[in-house]
Each structure stands twice: as structure tokens, then as C-alpha cells.
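Reader: Hello! I am new to this structure and would love a close look at one single part of it. Please pick a residue to start from, and then walk me outwards through its surroundings.

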Amino acid sequence: MSALSWKYVEPRGDAQFVVAPDERLSWPRTIGIGAQHVVAMFGATFLVPVLTGFPPATTLLFSGVGTILFLVITGNRLPSYLGSSFSVIAPVTAAVASHGTGSALGGLVAVGLLLIVIGAIVHVVGTHWLDVSLPPVVTGAIVALIGFNLAPAAKNNFEKGPLVGIVTLVLLVGTLAFFKGLIGRLAIFLAVVLGYLLALALGEVDTAAIAAAPWIGLPHFQTPSFNLAVLPLFLPAVIALVAENIGHVKSVGQMTGTDLNPVMGRALAADGVATVLAGAGGGSATTTYAENIGVMAATRIYSTAAYWVAAIVAVVLSLCPKVGATISAIPPGVLGGATIVLYGLVGVLGIRIWLTNHVDFSLPVNQMTAAIPLIIGIADFTWQIGSLTFTGISLGAIAALVVYHGMRLLGAPSQISPRED
């Protein structure tokens, strides 16, 4: 399949009808599916820059451009959307507070470069070395502590608007409870929009910036700066992004019934390229989005043409400053209600990694690998060595690696699960 060529298929009414990655429906239908992907990614993608203080329009632009690059690099074989990653919120927030926005962008560039290197290695030798160095008990612990470490941030936002926050939270949970399929997948987006409207009615939204923003204009760009002191903050995010990407590629492979292992390395490297580009211009790190995988599961339409449409729409929306100003005006209470769920789900994703890989917690090596990093991450331990500051996330990630490999090296074989030996 060439970069911009898909086989046209006529829709059928039977439940077994599937549109493969190299196929497409009519362009009007494809544009409609692409619009669904935009809505699905929008809720989480715009929350990341709002929570980190980055310009939403800039992040949206690099999200669209990154998705186009991803499709090109993976040979148009892997239907995925690159949205903003929640795994970088904590390190970005810490870096901005200590050394400014430029240092946070420099950290994102470093994350992207590491992803490119890892992707190149995976492309050549496969993923076995990752399974050995980062087994499920380690990656699960690191992903979990990244989410749970953000609990105080959710609390702080919630306390600034508790009424709107609890309404947003109830709407989000209620949407998930009462609606399945596509509407359920859009729960975050719908809850934030309705919470936003309530805050607007209560006079909690400052609309001055929205009114002053023009309809057409370029996003705000900013160049990165590189500070060695903040780089340790971002290392756990690399591990989380690797785990996310591998999991999502495997999920798409299972849904489409195709072997996507040969493009696994390309997918990691493509996400790295998109993250480097975003960090170089003022956007946030990207990752393949489970929300859009959910849309594919609901529609059974896996055409990459829909993702090209979604990416182009994202770029167009980013060129409307009024959209960016509207997103930036979301009040803290709405963010608090939504992030109670979102940050919690990041933590639960780590637990899901343990469950799906059948990690045996009767073994001391697994118990310690999970227990120690979680306490370090949730309590947000810090350790400063000269100009380097290690926060709870980086210390927890280091602890997971040291405890697991240290106990394997020193412990008896009976302490090691057959799946991890």
C-alpha cells in the first residue's frame, strides 16, 4: 500500500463487516470516522497542556503533525493517533517549577531521543531485551506510581472549585456507567464540556482571553533548553511510553488480526520523532492513544485513512487561537474532577500490566519490586545530589529496577516466577 492509497470497500450491514488498515469507506464516511477520532482524543490531549501550563494549540498542532509522521514512518500499516501523554505531567510540572518551561521541553526532547534509540534497537533485535530488563512487575510498578504520584495535583485543582469538580466527576462516572461503545469512550470529553458549561453559568470562567483571541493565527512556539538537573525526572516517563506503545501495538494487532511485531520498532521510533518535534517547538510528549483504539473497537473500522483525516483536523484546529483560548480557560474545578479519574486510571493501568501478565505476588521479589516503589512514588520522596534532584517518580523507578534485578541476582531461583526467568 502506498502512503496515500487505500482500497475502497462498500459498507455491509452484517456484524462481521470490518474495514482493514489498507481499506477505506467512501470519503464522506471516512471523514465522519476521522471526526470521531478527533473527539475521542481531544478530551485527554488538551488536558495535558492545560495541566502543565503549555499552550493547548501548540500541543494540538504537534499532535496532528506527529500522527502524520507516525503513519508515514510505520508505512501506513498501523492505525493509531498520537495524543498527549499523561506520563510526562509530573516531570514537566517539576521541571517548570525548578528550571522553567525551556528545561521541561529539553527533557521532552531527551525522552523522544531515547525512544528513537529504543525503537531502532527493537527494530533490529526485537523486544526480548526489553522483557528481560523491564519485566511486567517493573513496568507495572513504574506506570502505577506515575499515576498515583499525581494525586495531590488532582486534589489541589478540585479544592479550587469543589462543586464543579464533583459534578464533572459524577458526570464522567455516570457516562461510563450508563453508556457503552462510542459514547462511553467519550466520557472524559463529555464530562469536561458539561462541567465547563456549568462553571460558565456560575461565572467561574474568565472569558476575556477567549473574546480577545483571533479566529486564525499560528500557535505559540518555544525553544527548549537543556539542563542536566531535570533529566532524571523524565527517565520513568520513557519506560511508561515504551510500555504504552508496545501494549497499544499489540492491541491493534489483535483487533485487526495482523502481525504488527515487525513494525513495533518503527512505532516506538515514530513516537520518539513526534515527541522530539513537539519538545523542540513547545508541545507535549506524544503516545499512541487507547481512546482511539476504543473507537476502532466500537466501529470495527481500522482504516488509516481516518487517522489522516483526524490529524489534518487537529492541525486546522490548532490554527484557531480562539480554540486554544477556550481550552486554556477551563476552570480548576473541572480539571480536578476529571483528573481524579484520569490520574487514577494511569495508576490502575500499571496494575493492569501486572494482571494481564500474571505477575505472581506470592514471590518476595515481586512483592518488594511493587511495594517499595509505590510508597516512594506516592509519598513523593526527594533526594538531591548537587544540582540533580530526584523526585518520587524517578526514585521509585530506580528502586523498581534495583530491587528486582538485585533480588534476582542475590536470591534463590525459587523466588523467581517461571514467566520472568
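Author: Let us start at threonine 139, which lies in helix α6, residues 136-148. Please keep in mind along the way that this is a predicted model. Threonine 139 has a relative accessible area of 9%, and it counts as buried because that value is under 20%. Which residues does threonine 139 touch, once those up to four places away in sequence are set aside? They are Leu134, Ile239, Ala243 and Ile353. For a sense of distance, compare isoleucine 166: it is 27 residues from threonine 139 in sequence, and their C-alpha atoms are 32 Å apart in space.

From here we can step back along the chain to helix α5, which covers residues 128-133 and holds tryptophan 129. Is tryptophan 129 buried or partly exposed? With 30% relative accessibility, tryptophan 129 counts as partly exposed. Tryptophan 129 also belongs to a nonpolar surface patch of about 450 Å², where its partners are Val117, Ile121, Val124 and Val125. Helix α4 gives this patch its largest share, with 4 residues.

Helix α4, residues 101-125, leads us to its neighbour α3, because the buried residues of α3 pack against α4 and also against α1, α12, α17 and α19. Those buried residues of α3, which spans residues 89-99, are Ile89, Ala90, Pro91, Val92 and Ala95. After α3 comes glycine 100, and its phi is positive, near 95°.

Now let us go the other way along the chain, to helix α7, residues 151-159. Both lysine 155 and glutamate 159 lie in this helix, 4 residues apart, about one turn. These two side chains form a salt bridge, with their closest N and O atoms 4.0 Å apart. How many salt bridges does the structure hold? The count is 1. Glutamate 159 is partly exposed, as its relative accessible area is 49%.

Rings make another kind of contact worth seeing, and the structure holds 5 aromatic pairs. One of them joins phenylalanine 62 and phenylalanine 221: the ring centres are 6.1 Å apart and the planes stand at 75°, so this pair is edge-to-face. Phenylalanine 62 sits in helix α2 (residues 56-73) and phenylalanine 221 in the loop between α11 (208-212) and α12, so the pair ties together parts that are 159 residues apart in sequence. Phenylalanine 62 is buried, at 9% relative accessible area, whereas phenylalanine 221 is partly exposed, at 43%.

Another aromatic pair is formed by tryptophan 354 and phenylalanine 361; it is edge-to-face too, with 5.1 Å from centre to centre and 75° between the planes. Here tryptophan 354 is buried, with a relative accessible area of 8%, while phenylalanine 361 counts as partly exposed at 32%.

A ring can have a charge as its companion as well. The charged end of lysine 322 sits over the ring of tryptophan 215, at 5.1 Å from the ring centre.

To come back to where we began, threonine 139 is a buried residue of helix α6, and Ile353 is one of the residues it touches.

Note on methods:
Residues are numbered from 1 along each chain as its sequence is written. This is a predicted model: local features need pLDDT of at least 70, side-chain atom pairs count only at pLDDT 80 or more; totals for chains, interfaces and linings use all residues. Side-chain values use heavy atoms; hydrogens and water are left out. Buried means under 20% relative accessible area, exposed over 50%, partly exposed in between (1.4 Å probe, protein chains only). Helices (H or I, at least four residues) and strands (E, at least two) are DSSP runs, numbered from the N terminus. Contact means heavy atoms within 4.5 Å. Patches are made of residues with over 30% relative accessible area and no salt bridge: like charges are joined within 9 Å, nonpolar side chains (Val, Leu, Ile, Met, Phe, Trp, Tyr) within 5 Å. Accessible areas come from the Shrake-Rupley method with a 1.4 Å probe; for residues, only the protein chains shown count as cover. Rings of Phe, Tyr and Trp (its six-membered ring) pair if their centres lie within 6.5 Å; planes under 30 degrees apart count as stacked, over 60 as edge-to-face and the rest as tilted. A charge sits over a ring if NZ of Lys or CZ of Arg is within 6 Å of the ring centre and within 35 degrees of the ring normal.
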